[in-house]
Amino acid sequence: MVQSSVLGFPRIGANRELKKTTEAYWQGKVSVEELFKVGKEIREHNWKLQKQAGVDVIASNDFSFYDQVLDLSLLFNAIPERYAKYNLSPIDTFFAMGRGLQKKATETEAAVDVTALEMVKWFDSNYHYVRPTFSHSTQFKLNGQKPVDEFLEAKALGIQTRPVLVGPLSYLTLGKADKDSLDLEPLSLLEKLLPVYAEILKKLADAGATSVQLDEPVLVLDLDEKTQAAFKTAYDFLASQSGLPAITLATYFGTVVPNLGAIKDLPVAGFHFDFARNPEQLDEVASILNDNQTLSVGVVDGRNIWKNDFAKSSAIVQKAIEKVGKDRVVVATSSSLLHTPVDLESEKKLNPEIKDWFSFATQKLAEVAVIAKNVSGEDVSAELEANAKSVSTRASSNITNNEAVQKRVQSIDEKMSRRLSPFPERLAVQEKAFKLPLFPTTTIGSFPQTKDIRINRNKFVKGTITAEEYEKFINAEIETVIRFQEEIGIDILVHGEPERNDMVQYFGEQIDGYTFTTNGWVQSYGSRYVRPPIIVGDLSRPKPMSVKESVYAQSITTKPCKGMLTGPVTCLRWSFPRDDVDQKTQALQLALALRDEVNDLDAAGIKIIQVDEPALREGLPLRAGQDRSDYLKWAAESFRIATSGVGNETQIHSHFCYSDLDPNHIKALDADVVSIEYSKKDDPKYISEFLDYPNHIGLGLFDIHSPRIPSTEEFKAKIEKILESYPAEKFWVNPDCGLKTRGWAETKESLTHMVEAAKFFREKYGAKK
Ligand code: MET
Ligand SMILES: [Zn+2]
């Protein structure tokens, strides 16, 4: 019998239990015991679910209260001194590293004030991991034994699991040197790190684990020779230790072929590869296996929601079987299912025709099991037949096809993606029109999404308040936000986005060709989950989407107020895209819809329009090469199509966050002003990369992921430092990102301090002139 395997299951709980208790814990509303209890319930539920679905190899340690990479930093004691010094409990240290912590002193405890570690996108997904941060003083040692505890928990239920850990090379490569140790190369820590890996693996073996999954997704990136060679060092070392569990080395999200040299001859028990994304790598990866190594064939896609095509997947697995034999093949999900919603069955409102095309994490469990049975020769003809029917109905459905949209994409001409005049000319016109001071202050768009806002939105969705009542409520929210900004002296206002449940979903709901879930939550970072809309067909905008709110906001203030839109690439990346049409076509369809919206805003008198593209970087193909340059071209083209229908006097802004942005990627967008995440960078090298960026930039001055309030002095010091190398006349003052996840109290204080600091420099520089 061919085995089935799942590399990891969503840990948020079927009803977002994890979010609810972690947030309650942070607010001091539930005890740490309650927090741990809920974690345990989620894990147990997930394991049982997988067992019942007939999955043979079930992961443990795929659970985390925040992030699985941060789990390792805690486990290996990679805790920078600025956190360690407070002697918090392990879980509180963990949360402090993940989200920062600011606490007033009490009679028994000292005050705490520390920012979060850097958070970065997990490969090309919208999941964010907390970047391991090393310094010369990092002392790896085991700090707790979470993987063992969770293994034992499953074992107590009678479920033998395969613990999963990020492997040593990925852990180090995804990390960085801390500010105080910038000359430190993470990879140089390998020798010190390996014994700690061996120690935890040994403990797992002692607890009864016979195999472990070590995730080495960095193998799908471009790796230098040194890193490639380090695989041999690391896995030889682990193989030389006695009594460790058998290791399956797992990669996903791409092809490993360019790095085959790194894994050839590694003394591991088996490999896992992503064949959902790169089926063509089969021949080459199979050729490096020795006679005993197993081949885990990832065919059930962990990154999308489309029903698996059993015939296609079975054929891939069959081919693997022909190469290495039945007993060495395992049918698996392509990656952890972390990136998919938990259960399709909780969707009660989906059009049944469309619902039949989908498969969420829970359904994917059954899919791996069925494919495994099928290739083992068991009779699953009923399942195969039903599956083939769903797949063919979707292909021929008229929900997916809209001829008018297809024609419009075909007729896009080059002029549509060019602004009227080059930036310097636009700038001259805009300076006259807006008369902005030096260091203009602005925010990224959203203001706190209060409980009141959510309650009223729910009432409106449920129909317990009328559209008029809801509009009145939203307008009052907008007014509050406008008055606050006026009061503290912000220069370019925003309306605060209170009407938006989410920056992509809000637009998706108004674009034909999209569909939505009611409970399809996916973890984005920590306790922040998103409900990605699903692109099922050709995309078009039947009517204006955001004009009403923007016009209202502008009507109640004399200061310029930005119109706010989500860009085509971000709409695409933060949705589940179609898998039957290429991404470029989907982006161009979105670009045309947004172009109509930008033009409508402009015509309605909104003269500063921000089109956010925070997902631009994450969509970048993971390896350099043709795919990557093609992507950059169509991504920039989509943005420019969306924003080039307006005159020179209209100022186009864009915003980018959560990523290591390369200024070259954003140049081609030709936005007049961009804002980028900067608060956690603090790295002069990074500024210098932006020096020749011709247009204006706001370097984000504070971390909106953390409730921490920077003082005016802190803002001043930051600005001062930036001004050492960055020209004042191009410099805008703003936070890292939108404030929707923050509370009002900290938002007010932080922004007030930010504006005070900007005013200070305005005076200082004004005096110089
Ligand atoms: C993740 S980028 C967010 C941009 C959006 N305008 C906001 O302020 O929330
Ligand atoms: Zn942002």
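This is a walk through a predicted model, one selection at a time.

**Stop 1: the two domains**

Start by colouring the chain by its domain assignment. Domain 1 is made of several pieces, 3–11 + 51–62 + 69–79 + 119–395, and domain 2 takes 408–510 + 545–768. If you put a marker at the C-alpha centre of each domain, the two markers sit 36 Å apart.

Now look at where the domains meet: 17 residues of domain 1 are in contact with 16 residues of domain 2. On the domain 1 side, strand 5 (residues 119–121) contributes the most, with three residues. That side of domain 1 breaks down into nine nonpolar, four polar and four charged residues.

While you are in this part of the chain, select residues 4–322. UniProt lists this range, in an unreviewed entry, as "domain: Cobalamin-independent methionine synthase MetE N-terminal". Helix accounts for 39% of residues 4–322 and strand for 16%, and the C-alpha atoms at the two ends of the range are 17 Å apart.

**Stop 2: the ligand**

Next, show ligand 1 and its surroundings. Which residues surround ligand 1? Select Ile444, Gly445, Ser446, Met503, Met564, Asp612, Pro614, His655, Cys657, Cys737, Gly738 and Lys740. Colour that shell by class and you get six nonpolar, four polar and two charged residues.

**Stop 3: strand 19 and its partner**

Met564, one of the residues around ligand 1, is a handy way into strand 19 (residues 563–566). Show the side chains along this strand: Gly563 and Leu565 point one way, Met564 and Thr566 point the other way, and all are buried.

Bring in strand 20 (residues 608–612), which pairs with strand 19 in the parallel sense over four bridges. To line the two up by eye, pick Leu565 and look across to Val611 in strand 20, which stands opposite. Asp612, another residue of the shell around ligand 1, falls within the residue range of strand 20, 608–612.

**Stop 4: strand 23 and the strands beside it**

Move along to strand 23. Five of its five residues are buried, so this strand is largely enclosed by the rest of the structure. Its residues alternate: His696, Gly698 and Gly700 point one way, while Ile697 and Leu699 point the other way.

Strand 23 has parallel pairing with strand 22 (residues 673–676), over four bridges. It also pairs in the parallel sense with strand 24 (residues 731–734), again over four bridges. Two residue pairs make good landmarks here. Ser675 has Gly698 in strand 23 as its bridge partner, and Leu699 stands opposite Val733 in strand 24.

**Stop 5: His705**

Follow the chain out of strand 23 (696–700) into the loop that leads to helix 27 (712–725), and stop at His705. An unreviewed UniProt entry puts the feature "active site" at this residue. Is His705 buried or exposed? It counts as buried because it has 25 C-beta neighbours inside 10 Å. Apart from residues up to four places away in sequence, His705 touches Arg99, Ala116 and Met119.

**Stop 6: two contacts between distant parts of the chain**

Select Arg640 in helix 24 (residues 626–643). Its C-alpha atom is 4.8 Å from that of Ser417, though the two are 223 residues apart along the chain. Leaving out neighbours within four places in sequence, Arg640 is in contact with Ser417, Arg418, Leu669 and Asp670. With 21 C-beta neighbours inside 10 Å, Arg640 counts as buried.

Then jump to Glu153 in helix 6 (residues 146–156). Here the C-alpha atoms of Glu153 and Lys40 are separated by 8.2 Å, with their positions 113 residues apart along the chain. Beyond residues up to four places away in sequence, Glu153 touches Lys40, Arg43 and Glu44. Glu153 counts as partly exposed, with 18 C-beta neighbours inside 10 Å.

**Stop 7: two backbone oddities**

Finish with backbone angles. Most residues other than glycine have a negative phi. Asn87 has a positive one, near 50°, and you will find it in the loop between helix 4 (81–84) and helix 5 (90–99). Asn87 is exposed, with 10 other C-beta atoms within 10 Å.

Lys435 also has a positive phi, near 45°. Look for Lys435 in the loop between helix 17 (423–434) and helix 18 (451–462). With 8 C-beta neighbours inside 10 Å, Lys435 counts as exposed.

Methods
Residues are numbered from 1 along each chain as its sequence is written. Chains are lettered from A and ligands numbered from 1 in the order in which they are written. This is a predicted model: local features need pLDDT of at least 70, side-chain atom pairs count only at pLDDT 80 or more; totals for chains, interfaces and linings use all residues. A residue is near a molecule or strand if its C-beta atom, placed from the backbone, lies within 6 Å of it. Ala, Val, Leu, Ile, Met, Phe, Trp, Tyr, Cys and Pro count as nonpolar, Asp, Glu, Lys and Arg as charged, and the others, Gly among them, as polar. Domain bounds come from an automatic or database domain assignment. Two residues are in contact if their C-beta atoms, placed from the backbone, lie within 7 Å. UniProt positions are given in the numbering used here, feature names are shortened, and annotations may be inferred rather than shown by experiment. A residue is buried if 20 or more other C-beta atoms lie within 10 Å of its own, exposed if 12 or fewer, and partly exposed in between; C-beta atoms are placed from the backbone. Two strands pair if DSSP finds at least two bridges between them.
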